Amino acid sequence: MKMILTGNESAAWGARLSRPKVVAAYPITPQTSIIETIASFIANGEMDARYIRVESEHSAMAACIAAQNTGVRTFTATSAHGLALMHEMLIWASGARLPIVMSVVNRAMAPPWSVWTDQLDTMAQRDTGWIQIYTENNQEVIDSIIMSYKIGEKHNILLPSMVIEDAFILSHTSEGVDIPEQEKVDEFLGEYDPAFKLDPDEPAGFGSLIMPEGPYMEFRYKMALAMEDARKETGEVVKEFNEIFGRNYSPFVEEYRTEDADAVMVVLGTIGSTAKDVVDNMRGEGYKVGVARVRYFRPFPVEEIRNIARKTNMLGVADRSYSFGPGANLYAETKSSLYGFTDIPVKNYVMGLGGRDITPKILEKVFKDMLLISKKGVVDKEVEWVGLQGDERWS
Amino acid sequence: MHRLTIPEEEYMLSGHTACLGCGATIAMRYVLKALGKRTILSIPACCWAVIPGVYPHRNLEVPLLYTAFEVTGAAISGIREALDVMGKEDVNVVGFAGDGGTADIGLQALSAAAERGHNVFYIMYDNEAYMNTGIQRSGSTPMGAWTTTTPGGKKRMYKWEPKKSVAEIMVAHNIPYVATATIAYPEDMISKLRRAKEMKGPKFIQILSPCPTGWRYPPDKTVEVSRLAVQTNVFPLYEVVNGKYRITIKPKNPKPVKDYLMMQGRFRHLTEEEIARIQKHIDENWKALLKKERCSQED
């Protein structure tokens with residue numbers, strides 16, 4: 001079935017098709033229409049779930065943790081400040097090994113107040129032990145939510161997932177979406193089979209005190225192994241999903257015209273679709289450029305990035321957030337993956353913060369800067385802010 | 001043969017890690033006796049996060065979800081809804097939190113859970129300070145008390161503000177059942193828990209749980225201190241059923257508050273004048289409670 005849906009309606013549909021039994025939710029722009037859509041699904045009997053209208057995002061995650069630990073599938077959604085407020089419970093969810101799935105709509109963090117897209121909110125949760133997938137279009141939103149339940153619920157993984165979409169560019173923009181058939185999704189996901197649960201017939205305690213000589217460190221090590229397993233399982237799940245639902249996702253990095261490219265732009269989220277369009281135009285003019293759109297930021301696609309570096313002369317990393325200190329996060333991860341494997345130049349382009357528009361014109365200039373560096377073999381400047389007011393270079 | 005007034009079944013095993021004479025431990029034992037085996041507990045950061053023992057040991061024979069400090073209200077909501085959706089409506093869901101986790105950091109989540117009306121128990125075991133972190137002032141610390149963050153000193157910086165009444169805050173949520181209890185009156189506590197068990201919706205019970213370590217009295221005096229708190233009207237025992245107050249233990253000749261205060265090192269510094277001020281405060285609270293009982297029982 002094809003429908004015209006916004007990114008947020010797609011997220012709600014992804015949740016609906018995955019049949020969570022408890023949804024705990026709190027409103028925040030630009031996420032709110034996800035939980036509004038779910039509320040109307042439940043109110044109309046189209047979705048069979050308990051809906052807990054909590055008083056904060058912190059409690060939303062706490063309620064999901066408790067419900068999932070009791071033995072049911074759960075879902076929630078948030079943005080920016082809501083995600084930051086959840087931070088403590090995000091670490092709790094992964095540490096408790098609960099495969100919760102959450103939609104996150106990327107929004108800038110205040111001050112100053114801004115509701116527009118910016119990826120600092122999810123980047124700041126990089127180390128919480130969640131699987132993080134950045135999406136590029138509404139189809140990918142709905143499909144990724146379904147796949148995240150499948151991946152996270154595997155008993156060798158048991159990790160929560162964030163399915164991330166850019167504010168407004170996806171969340172409030174409508175496009176054609178193919179809704180997977182419910183029967184096929186049911187078959188694909190199967191019944192939720194918790195690895196453990198709160199049960200008076202088999203009483204157990206979850207999360208108790210551990211001394212330094214106790215297995216705290218081993219619990220963390222097992223999470224690290226699970227994240228590595230998620231790398232393997234994701235490949236399988238994406239392949240299976242592609243076959244059943246007729247999609248064409250590459251598991252970790254979507255490469256676009258990277259073969260023979262002199263320079264490749266590494267991106268997350270919706271910058272990808274603009275960049276691909278620019279690549280088509282520039283290729284027409286003889287410029288050999290390509291795009292590598294990173295889908296999974298956690299686990300980070302180390303091997304895939306190394307493979308791309310092997311076939312090009314320069315990587316430009318576009319970040320829609322900044323980590324104050326060494327450069328932005330996608331850049332830092334990319335460079336860290338490449339250290340010791342290649343000496344091609346890597347440059348960080350910081351752009352689009354607080355929802356500032358990233359136009360094809362800007363990206364074309366960035367590609368041309370990248371080609372120049374590719375020819376010279378060295379970067380002029382490791383981190384460059386693109387599109388600042390008064391800077392004529394990129395406008 | 002006498003009929004036992006307290007259930008024989010034990011769901012709390014011996015071998016806990018609490019301090020000698022811990023009132024909160026006695027509170028848990030009675031709560032579980034009253035509610036029985038089909039109970040799931042959620043415990044935030046507090047003394048009881050440590051008392052069950054170090055992994056893999058656990059002295060409770062019911063399932064237990066440890067959670068973060070401020071989330072008990074949200075956690076019991078999540079457990080309840082998940083159980084109901086699975087058709088396990090017979091299982092009691094109990095949040096068991098200290099006074100810091102209830103009166104302070106957890107008040108928001110508790111208020112929201114109460115307002116939403118989940119069918120849960122919330123037990124506040126009130127030892128009147130952050131005892132697990134080593135005796136810091138909470139909103140539930142009583143007037144005049146020494147704690148490590150109200151240490152007195154040259155400026156006599158003690159806890160001079162009145163104790164926050166969480167039970168009254170919960171009454172204001174219009175939930176079906178609110179009660180106070182203390183460990184020296186186990187029959188009273190158990191009958192309240194049993195009454196609460198018959199009701200659907202949020203049930204809140206505040207259990208005064210004396211703490212020898214923080215209150216500075218010998219560990220063998222816990223029950224005595226608990227009893228004196230009631231006999232001096234410092235901690236009245238009452239219940240509020242659908243808005244109607246009923247004082248369950250009314251001391252015939254209340255003892256002077258001074259008797260209660262002087263048993264505990266945390267009040268040792270108080271002057272006669274300060275004791276008189278506390279006595280006045282306690283008397284006013286008691287009178288207000290009698291009025292509430294009278295007014296709410298009228299039609």
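## The largest cavity and its walls

In this predicted model, helix 4, strand 4 and strand 6 of chain B each supply at least two residues of the lining of the largest cavity. Helix 4 of chain B gives the most, with three residues. The volume of this largest cavity is about 70 Å³.

Which residues line the largest cavity? From chain B come Ile76(B), Leu110(B), Ala113(B), Ala114(B), Val120(B), Phe121(B), Tyr122(B), Met170(B), Ile175(B), Pro202(B), Lys203(B) and Phe204(B). Sorted by class, this lining has 11 nonpolar residues, no polar ones and one charged residue.

## Helix 4 of chain B

Let's stay with helix 4 of chain B, which covers residues 107-116. Its buried residues are Ala109(B), Leu110(B), Ala112(B), Ala113(B) and Ala114(B). Leu110(B), Ala113(B) and Ala114(B) also appear in the lining of the largest cavity.

What do the buried residues of this helix pack against? From chain A there is helix 3 (57-70). From chain B there are helix 2 (72-85), helix 3 (99-104), strand 4 (121-126), helix 5 (166-171) and strand 6 (203-208). Just after helix 4 of chain B sits Gly117(B), with a positive phi of about 80°.

## A second cavity, in chain A

How many cavities of 30 Å³ or more does the structure hold? There are three. The second largest has a volume of about 40 Å³. Its lining is made by Gln68(A), Arg97(A), Leu98(A), Pro99(A), Leu158(A), Tyr192(A), Pro194(A), Ala195(A) and Phe196(A). By class, that gives seven nonpolar residues, one polar and one charged.

## The largest pocket

Now for the pockets. The largest pocket encloses about 1000 Å³ of space. It is lined by 35 residues, and those closest to its centre are Gly95(A), Phe206(A), Gly207(A), Ser208(A) and Phe219(A). The lining divides into 22 nonpolar, eight polar and five charged residues.

Several elements give at least two residues each to this lining: helix 3, helix 4 (80-95), strand 9 (205-206) and helix 8 (216-245) of chain A, together with strand 2 (64-66) of chain B. Which of the elements gives the most? Helix 8 of chain A does, with five residues.

## The second largest pocket

The second largest pocket has a volume of about 560 Å³. Of its 31 lining residues, Lys163(B), Ser165(B), Val234(B), Pro236(B) and Asn285(B) are the closest to its centre. Two or more residues of the lining come from each of helix 5, strand 6, helix 9 (257-261) and helix 10 (272-297) of chain B.

Helix 10 of chain B gives the most, with eight residues. The classes in this lining are 19 nonpolar, six polar and six charged.

## Helix 9 of chain A

Here is a helix you can check with simple arithmetic. Helix 9 of chain A runs over residues 271-284, and at 1.5 Å a residue its 14 residues should span 20 Å. Its end C-alpha atoms are 20 Å apart, which agrees.

Its buried residues are Ile271(A), Gly272(A), Ala275(A), Lys276(A), Val278(A), Val279(A), Met282(A) and Arg283(A). Why do they line one face of the helix? Seen down the axis of helix 9 of chain A, the buried residues fall within an arc of 165°, so they share one face. An α-helix has 3.6 residues a turn, so residues three or four places apart point the same way.

The elements that cover this buried face include strand 10 (253-256), strand 11 (263-268), strand 12 (289-294) and helix 12 (360-376) of chain A. After helix 9 of chain A comes Gly286(A), whose phi is positive, near 95°.

Note on methods. Residues numbered from 1 in each chain as written. Chains lettered and ligands numbered in written order. Predicted model: local features only at pLDDT ≥ 70, side-chain atom pairs only at ≥ 80, totals over all residues. Heavy atoms only, no water. Buried < 20%, exposed > 50% of the residue type's maximum accessible area, 1.4 Å probe, protein only. Helix = DSSP H or I, 4+ residues; strand = E, 2+ residues; numbered from the N terminus. Contact = heavy atoms within 4.5 Å. 1 Å grid on protein atoms, 1.4 Å probe; cavity = no way out; pocket = protein on both sides within 12 Å on 5 of 7 lines; lining within 4 Å. Points joined across faces, edges and corners; volume = space filled by probe spheres on them. Nonpolar A, V, L, I, M, F, W, Y, C, P; charged D, E, K, R; others polar. Expected span 1.5 Å × (residues − 1). Arc of directions from axis to C-beta.
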